[in-house]
Amino acid sequence: MRRQGDVVFRLLLALAISLAMPQLARAYTTLSIVPSFFTGKNANGSQVKAYDLPVTLSYHAKAWRVSITVPLLAVNGPGVLSAGSLYTVPRAFGTRVGLGDIWLEGSYTLDSPAGLRPAVLPYALIKLPTGARARGLGTGRTDYEAGTGLLWHWARFYPMARLGYRVVRNSHGYQWRDTVLAAGGVTYNFGRAGFATLEFERRGTGHHHQPPAETLFLSYTKQINPRLSVTAFGLHGFTFSSTDYGLGVGATIRF
């Protein structure tokens, strides 16, 4: 099941494409709240549903950005969320509500795209194990991810690609695997009407005997005024280790 940290990263990247890049010289702070719902089946065929209320605080300064995402989760079904996939937790029944894993992220933009030359956006993610493993709200271990995004600009189109590697540490009773992810997509800027992003991601298996997670992600963002934008997104997974469906709608406030 797709982790909210991945979704937030996509939304912030899309927002940076249309809003931040022309204004790299000015520092600012954003606060994003994106209530979301995800559903999928684990390896045993059991249905798992997750309701997510993430709050992301980001600081943008010139070409770099740092952020922290704090999610409140409600999970129903025998599963634990980790590294973009859903795994079975036999003792995690009923609905569990609590704090999920906190994500820290940093990224840097190297120059602006020009012609065939892309902007290069190296990034790093750290997942803090604040979600209770026994309740299926996390793995109980710290994970790390690093990678690079590439961004081109042609007229109103912003093609992009991303390659990353996540270190997934083992926890008691589970043999997690490190994962490689590759993603590609495009953002189209409608001007005052907003912008839309379409992206496909393939993430290697995070657990033995699990297929890679493959997800198609679509979002639309509308800037209401210079300080407020609203976003809606949907996603669909293509393997049983992916989220079947996910959707959310939220807002970002700029200070």
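Reader: Is Tyr165 buried, partly exposed or exposed?

Author: Bear in mind that this is a predicted model. Tyr165 sits in strand β11. Buried would need under 20% relative accessible area and exposed over 50%. Tyr165 has a relative accessible area of 40%, so it counts as partly exposed.

Reader: Which strand gives the largest share of the nonpolar patch?

Author: The patch lies on the surface and is formed by Ile126, Tyr144, Leu163, Tyr165, Val167 and Val180. Together they have about 510 Å² of accessible area. The largest share, 3 residues, comes from strand β11.

Reader: And inside, which strands each supply at least two residues of the largest nonpolar core?

Author: That core has 10 residues in all, among them Val34, Phe38, Leu137 and Phe217. The strands that each supply at least two of its residues are β3 (47-61), β4 (64-76) and β15 (228-237).

Reader: Where do the partners Lys127 and Asp101 sit in the chain?

Author: Their closest N and O atoms are 3.5 Å apart, and they form a salt bridge. Both residues are buried. Lys127 is in strand β9 (residues 119-128), and Asp101 is in the loop between β7 (95-99) and β8 (102-108).

Reader: Which residues do shared salt-bridge partners join into one network with Glu201?

Author: Glu201 pairs with Arg162, the closest N and O atoms being 3.2 Å apart. Glu201 lies in strand β13 and Arg162 in strand β11, so this pair ties together parts 39 residues apart in sequence. Arg203 also bridges to Glu201, at 3.5 Å. Through shared partners, Glu201 is joined with Glu145, Arg162, Arg166, Glu199 and Arg203.

How values were computed:
Residues are numbered from 1 along each chain as its sequence is written. This is a predicted model: local features need pLDDT of at least 70, side-chain atom pairs count only at pLDDT 80 or more; totals for chains, interfaces and linings use all residues. Side-chain values use heavy atoms; hydrogens and water are left out. A nonpolar core is a set of buried Ala, Val, Leu, Ile, Met, Phe, Trp, Tyr and Cys residues joined through side-chain atoms within 4.5 Å. Buried means under 20% relative accessible area, exposed over 50%, partly exposed in between (1.4 Å probe, protein chains only). Helices (H or I, at least four residues) and strands (E, at least two) are DSSP runs, numbered from the N terminus. Patches are made of residues with over 30% relative accessible area and no salt bridge: like charges are joined within 9 Å, nonpolar side chains (Val, Leu, Ile, Met, Phe, Trp, Tyr) within 5 Å. Accessible areas come from the Shrake-Rupley method with a 1.4 Å probe; for residues, only the protein chains shown count as cover. A salt bridge is a side-chain nitrogen of Lys or Arg within 4 Å of a carboxyl oxygen of Asp or Glu.
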